[in-house]
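Welcome! Below you will find a few exercises, each with a worked solution. Keep the structure in view as you go.

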Amino acid sequence: MISFIVPAYNEERLLGQTLASIHAAARALDRSYEIVVADDASTDRTAEIARENGARVVPVRLRQIAGTRNAGARAARGEILVFVDADTLVPSATLSAAMDALARGAVGGGAMLRVDGTIPRHGRVLLFLVATGMRLGRLAAGCFLFCTREAFEAAGGFDERLFATEELALSRALRRHGRMTILREAVETSGRKLRTHSAWELARLIGALVGIGPRILRSRDRLELWYGSRRPDPHVRVPTQTACER
């Protein structure tokens, strides 16, 4: 069985589209699957929308992404785990390529990224640099990471000491247990953070990461990009170019 694990916090606007894309991609494979939504203390209709779209809801109250992902994994029943962010669409070709990679012996991997809507110039530059580095380093983006349960458990799951970049830490841990692959196929994720945060805010975060070092990731205090109040994004999702050209 394939278990799709979707961490979510106040995602009523985009969650339904994400779950619909997962259902369509999984049905195209003609394999058994389940969707587990790890609902981290949402105050909107996230849990209700998840159930309406055929997902099993695991309620947690952590406000920490690594712990929420791990809670979903513990509740999942599949031997293959696919972590999908609540604002990400998964095409059937991408999911099929992920399953083929595992069948060929990979222990896990990720995909290329597309982002929806119009992204400001500073966001496009940052996204290109990040996506290129992750592909060269065989580091999976958190919005789409797949692995075998055996490898996930051997790697110790997501590091719950981290409040961000937990997917990079897991990618490195998985590489110690086998081959990680980054697919040429892409998923489409929301560009809302790049649209609603200024170049100065992003530069300040990067500066803090460089100046303070990894210990900044062990608290949510300076990580407004992930844990700050959700800012309005009037964009309606439309397909766009890939973030890192193939």
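**Exercise 1. What span should the 16 residues of helix α5 (residues 121-136) have at 1.5 Å a residue, and how far apart are its end C-alpha atoms?**

Before starting, note that this is a predicted model, in which local features need pLDDT of at least 70 and side-chain atom pairs count only at pLDDT 80 or more, while totals for chains, interfaces and linings use all residues. Residues are numbered from 1 along each chain as its sequence is written, and side-chain values use heavy atoms, with hydrogens and water left out.

Step 1. Helices (H or I, at least four residues) and strands (E, at least two) are DSSP runs, numbered from the N terminus.

Step 2. The expected span of a helix is 1.5 Å times one less than its number of residues. For α5 that gives 22 Å.

Step 3. The end C-alpha atoms of α5 are 23 Å apart, which agrees with the expected span.

**Exercise 2. Which residues of α5 are buried, and which exposed residues does the face turned away from them carry?**

Step 1. Take the cut-offs: buried means under 20% relative accessible area, exposed over 50%, and partly exposed in between (1.4 Å probe, protein chains only).

Step 2. Gly-123, Leu-127, Ala-131 and Met-134 are the buried residues to mark in α5. They cover an arc of only 65° around the axis, so they sit on the same side of α5. The arc is that of the directions from the helix axis to the C-beta atoms.

Step 3. Now turn to the face pointing away from this buried side: there you find the exposed residues Arg-121, Leu-129 and Leu-136.

Step 4. Look for the cover over the buried residues, counting contact as heavy atoms within 4.5 Å. It includes β6 (108-115), α7, β8 and α8 (192-196).

Step 5. Follow the chain a little further. Just after α5, Arg-138 takes a positive phi of about 55°.

**Exercise 3. In what order do the eight strands of the open sheet lie?**

Step 1. Strands pair if DSSP finds at least two bridges between them. Tracing the pairs gives the order β3-β2-β1-β4-β7-β6-β8-β5, with mixed pairing.

Step 2. Check the edges. β3 (56-60) and β5 (88-89) each have a single partner strand, so one side of each is left without a neighbour in the sheet.

Step 3. Try some pairs. β1 (residues 2-8) and β4 (residues 80-84) are parallel, with four bridges, and Phe-4 stands opposite Val-82 in β4.

Step 4. Move to β8. Seven bridges join it to β6 in the parallel sense, with Gly-110 opposite Ile-182 in β8. By contrast, β5 and β8 run antiparallel and are joined by two bridges; here Leu-89 faces Glu-188 in β8.

Step 5. Eight of the ten residues of β8 are buried, making this strand mostly covered.

**Exercise 4. How many residues of α7 are buried, and what covers them?**

Step 1. Eight of the ten residues are buried, so α7 is largely enclosed by the rest of the structure. The buried ones are Glu-166, Glu-167, Leu-168, Ala-169, Leu-170, Ser-171, Ala-173 and Leu-174.

Step 2. Their cover includes α3, α5, β7, α6 (149-155) and β8.

Step 3. Place the helix: α7 (residues 166-175) lies across β7 (144-148) and β8 (180-189), at about 30° to β7. Axes are lines fitted to C-alpha atoms, for helices over the stretch in contact, and angles run from 0 to 180 degrees between N-to-C directions.

Step 4. In the loop between α6 and α7 lies Thr-165. Thr-165 has a positive phi of about 60° although it is not a glycine, and at 23% relative accessibility it counts as partly exposed.

**Exercise 5. Which residues touch the most other members of the largest nonpolar core?**

Step 1. A nonpolar core is a set of buried Ala, Val, Leu, Ile, Met, Phe, Trp, Tyr and Cys residues joined through side-chain atoms within 4.5 Å.

Step 2. Among its 39 residues, Phe-4, Val-6, Leu-19, Val-82 and Phe-144 touch the most other members. Helix α4 (residues 92-103) gives the largest share, six residues.

Step 3. Apart from this core lies another one of 25 residues, among them Val-60, Val-107, Ala-140 and Cys-147.
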